Amino acid sequence: MKLRLLALALFAASAVQAVEPPKAPVKPDLAKGQAIATQVCAACHTADGSRGSPANPILAGQHPEYLVKQLQEYKSGKRKNAIMAGFAGTLSDDDMRNVAAFYASKSAKPGFAKNKATIELGQKIYRGGIMAKGVPACAACHGPTGAGIPAQYARLAGQHADYIEAQMLAFRSGARANNAQMTGVAANMNDAEIKAVSDYIAGLR
């Protein structure tokens, strides 16, 4: 009898737990994110993640899910960068969500393509790909205006051409190995094609 009552009590408890609504995700704290950005990130990315050194990515307006993913992969070593690994290694998951939300809340300033001679080629690759090489259009994943898709594809519009080119070359060489799809795309592009589409992307808006 006692065993039966115990079993019924355990069943009732599990039933109550089963109907409890899932807890809502904790809302990011923008003030804490700003503090991290100011103390940790500003030297390379500027305080608001805007147009700093062309060697470093613009973070303002980037999808927060994408930023969190990159920070987690720097921390785990899946994405290689000694400097970023050191910084990411000091951040908790909450820290990452907070600083990502802070940068996402900022508006990215528009950029400009610099090389008029390659704009046509860059546009052709971005919007139509390179059919002969099996290179898909960048717009298929990153959108016609470079807005990207949260958690899946980065916002590219206005990004530094130098940074985009460096990442494409890193994907091609295997130095950056945290996205198999981009590794495959870059593997079929030559230097001139990468440079042209990177410059074109810098002027997207």
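A salt bridge is taken here as a side-chain nitrogen of Lys or Arg within 4 Å of a carboxyl oxygen of Asp or Glu. The structure is a predicted model, in which local features need pLDDT of at least 70 and side-chain atom pairs count only at pLDDT 80 or more, whereas totals for chains, interfaces and linings use all residues. Residues are numbered from 1 along each chain as its sequence is written, and side-chain values use heavy atoms, with hydrogens and water left out.

Under the salt-bridge criterion, the model contains six such pairs. One of them joins the side chains of D191 and R172, with an N to O distance of 2.6 Å. This pair links distant parts of the chain, since D191 lies in helix α10 (residues 191–202) and R172 in helix α8 (residues 161–173), 19 residues apart. Helices are DSSP runs of H or I with at least four residues, strands are runs of E with at least two, and both are numbered from the N terminus. Accessibility is classed as buried under 20% relative accessible area, exposed over 50% and partly exposed in between, with a 1.4 Å probe and protein chains only. On this scale D191 is partly exposed at 47%, and R172 is likewise partly exposed at 32%. Elsewhere, K69, E73 and K78 are joined into one network by salt bridges that share partners. Within this network, the side chains of K78 and E73 meet at 3.8 Å, N to O. K78 is partly exposed, with 46% relative accessibility, whereas E73 is buried at 8%.

A further salt bridge is formed by D94 and R97, whose closest N and O atoms are 2.4 Å apart. Both residues belong to helix α5 (residues 93–104), and because they are three residues apart in this helix, about one helical turn separates them. D94 has a relative accessible area of 42% and is therefore partly exposed; R97 falls into the partly exposed class at 37%. In general, side chains of opposite charge can pair when their charged atoms come close.

Helix packing was examined with axes fitted as lines to C-alpha atoms, for helices over the stretch in contact, and with angles that run from 0 to 180 degrees between N-to-C directions. The axes of helix α3 (residues 64–76) and α5 come within 8 Å and cross at roughly 140 degrees. The arrangement of α3 and α5 is therefore oblique, where angles under 35 degrees count as roughly parallel, over 145 as roughly antiparallel, 65 to 115 as roughly perpendicular and the rest as oblique. Contact is defined as heavy atoms within 4.5 Å. On the α3 side the contact is made by P64, L67, V68, L71, Q72 and K75, and on the α5 side by D93, M96, R97, V99, A100, A101, Y103 and A104. By class, 10 of the residues in the contact of α3 with α5 are nonpolar, one is polar and three are charged. In this classification Ala, Val, Leu, Ile, Met, Phe, Trp, Tyr, Cys and Pro count as nonpolar, Asp, Glu, Lys and Arg as charged, and the others, Gly among them, as polar.

Helix α5 also packs with α2, at an angle of about 80 degrees and with the axes 8 Å apart. The two helices α2 and α5 are therefore roughly perpendicular to each other. Their contact is made by L30, K32, G33, Q34, I36, A37, C41 and H45 of α2 together with D95, N98, V99, A101, F102 and Y103 of α5. The residues of this contact divide into eight nonpolar, four polar and two charged.

Two individual buried positions were also examined. Q70, in helix α3, is buried at 6% relative accessibility. Not counting residues up to four places away in sequence, Q70 touches R79, R176 and N178. A157 is found in the loop between α7 and α8 and is buried at 10%. Leaving aside neighbours within four places in sequence, A157 is in contact with T145, G146, I201, L204 and R205. The C-alpha atoms of A157 and G61 are 9.7 Å apart, although the two residues are separated by 96 residues in sequence.

Backbone geometry was considered last. Most residues other than glycine have a negative phi. T46, which is not a glycine, has a positive phi near 65 degrees. T46 lies in the loop between α2 (30–45) and α3 and is partly exposed, with a relative accessible area of 22%. A151 likewise has a positive phi, of about 70 degrees, although it is not a glycine. A151 is placed in the loop between α7 (139–142) and α8, and its relative accessible area of 42% makes it partly exposed.
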